[in-house]
Amino acid sequence: MVDSGRKHLVGDHCKSCLIYYGDDVLNIMSEEDKASSSDNEIITIALGFVLAGLAYGYSRKKGVLPVERDLLGKTFVVTGGNCGIGKATAHALVSRGATVALGCRNTDAGSKARTEILASIPVSNEEDLEVLELDLNSWGSIHTFPQRLQQLGKFERGLYCLINNAGAIMPEYSEKGGLEMTMRTNFLGPLGLTMNLLPQLRRYSAGAGAGAGADVARIVNVTSRLEKNSKLSDIELANGPTGCGSQQNYSPMAAYSDSKHAQLLGSLGLAKKLEASEKHNIIVHAVTPGMVSTSLSRYLSTPVQWLVWPLQRMLLQTPEQGAMAVVHSATSRETRGETGQYYSMSSSGDFSKVFDGASERSRNEKLAQSLVENSMTLIARSDSDKDTVQNVNKTPKG
Ligand SMILES: NC(=O)c1ccc[n+]([C@@H]2O[C@H](COP(=O)([O-])OP(=O)(O)OC[C@H]3O[C@@H](n4cnc5c(N)ncnc54)[C@H](OP(=O)(O)O)[C@@H]3O)[C@@H](O)[C@H]2O)c1
């Protein structure tokens with residue numbers, strides 16, 4: 001076979017033209033040929049590097065650029081977004097094009113999380129993620145949050161989705177305004193915030209068109225399977241729970257289970273309430289992220305933390321995995337046509353309703369509606385910031 005004026009044997013490999021001819025092809029080259037061949041080799045290798053670099057760059061871009069920027073123009077509030085599942089949720093939303101406001105009680109921690117999230121998403125803009133002060137144990141903070149959100153400007157078209165993610169387990173009994181703090185942080189505070197953000201959610205749904213395919217605004221409450229362990233009575237729930245235990249008999253995990261049970265049942269109650277008043281334009285879902293390795297264990301005693309920390313790192317889901325169920329509940333078409341559901345995602349990524357795994361009582365609509373109505377009255381009676389609370393207790397108007 002003839003190539004570039006040189007003879008090659010069929011089946012050999014010419015290193016200068018990168019065609020396979022045979023092993024001893026260099027032996028039949030002249031010195032000049034060898035020099036030009038080595039130049040060619042350098043050029044070929046350089047070209048290879050350039051092509052490989054381009055391919056690597058492209059694949060990295062593909063890796064960081066979400067396949068769908070399908071949340072462009074959608075606005076979210078994620079409470080407790082400075083760490084754990086909330087931070088991972090915000091990351092997933094921003095990387096899909098959403099505009100997100102993190103509601104954090106520690107704004108320094110929030111700003112740090114914001115910097116980290118934005119730095120890891122090259123396609124994001126500074127304006128995609130904001131941090132706003134929010135303390136769910138302060139009615140004043142809950143009251144001013146919607147105003148601050150409004151002042152950001154980006155939420156002029158309303159709020160597409162509120163994700164009530166923030167949560168805590170108070171290690172010791174404490175109360176404020178007559179309400180035990182775990183219940184206040186995990187259920188009553190978020191309920192107050194939700195009611196205060198209804199005008200913004202309503203504005204989004206009003207601008208989203210009408211008809212069967214029209215978009216709706218959403219509320220997603222991040223609850224826990226531990227709700228099943230709640231020992232609250234029907235009467236306590238129906239009257240609005242002030243929290244479990246007392247100074248003498250307080251158990252952090254019992255308080256957590258009670259608050260998460262109230263939150264789950266309250267999601268159903270609020271869904272029914274808004275179904276009537278908002279005509280399906282604002283939907284409410286609860287979701288459990290599964291067992292996730294986060295700093296929620298910081299509320300446990302120090303020796304238990306030491307024991308739990310390595311185990312949870314090895315055995316539990318990452319925050320990113322836990323956030324998948326939250327993001328799916330908040331954004332998917334699948335969850336849009338329903339309200340008052342309770343979702344989970346299996347380790348293999350199957351998204352489903354978890355009625356079987358939920359306490360039977362969490363599907364009791366009548367109890368759920370009493371819980372919401374009377375909890376709003378409780379919030380209104382809570383001693384501090386009475387002005388806020390009256391606002392919270394207003395029945396939404398269309
Ligand atoms: N981890 C799990 O296995 C698991 C399982 C089921 C459900 N969940 C639920 O998932 C949610 C997120 O928890 P996580 O595991 O990601 O825990 P995490 O890392 O401890 O995050 C909790 C977040 O809530 C915030 N928060 C606590 N009290 C607040 C308050 N008064 N006002 C405003 N923000 C407050 C925390 O802020 P600070 O940093 O300032 O404390 C933090 O940002 C919680 O609702 C939890 O109940 C978790």
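This report describes a predicted model, taking in turn its sheet, the surroundings of its ligand and one loop.

## The sheet

Eight strands make up an open sheet with mixed pairing, and their order across it is β5-β4-β3-β6-β9-β10-β11-β12. At the edges lie β5 (129–133) and β12 (351–353), each of which pairs on one side only, and from one strand to the next the twist averages 25°.

Within this sheet, strand β10 (residues 282–288) and strand β11 (residues 341–345) run parallel and are joined by four bridges; Ala286, for instance, has Tyr342 in β11 as its bridge partner. Helix α4 (residues 139–151) packs on the sheet, where it touches β3 (75–79), β4 (99–104) and β5, and its direction makes about 150° with that of β5.

## Around the ligand

The ligand is surrounded by 28 residues, of which Gly80, Gly84, Ala166, Gly167 and Thr294 come nearest. By character, this shell divides into 12 nonpolar, 14 polar and two charged residues. Helix α2 (residues 84–95) supplies the largest share of the shell, namely three residues.

## The loop before β10

Two residues with positive phi values, although neither is glycine, are Lys279, with phi near 55°, and His280, with phi near 65°. Lys279 lies in the loop between α7 (252–278) and β10, and His280 lies in the loop between α7 and β10 as well.

How exposed are Lys279 and His280? Lys279 counts as exposed because 11 other C-beta atoms lie within 10 Å, whereas His280 is partly exposed because it has 15 C-beta neighbours inside 10 Å, a count between the limits of 12 or fewer for exposed and 20 or more for buried.

Terms used:
Residues numbered from 1 in each chain as written. Predicted model: local features only at pLDDT ≥ 70, side-chain atom pairs only at ≥ 80, totals over all residues. Near = placed C-beta within 6 Å. Helix = DSSP H or I, 4+ residues; strand = E, 2+ residues; numbered from the N terminus. Nonpolar A, V, L, I, M, F, W, Y, C, P; charged D, E, K, R; others polar. Pairing = 2+ DSSP bridges. Axes fitted to C-alpha atoms, helices over the stretch in contact; angles between N-to-C directions. Contact = placed C-beta atoms within 7 Å.
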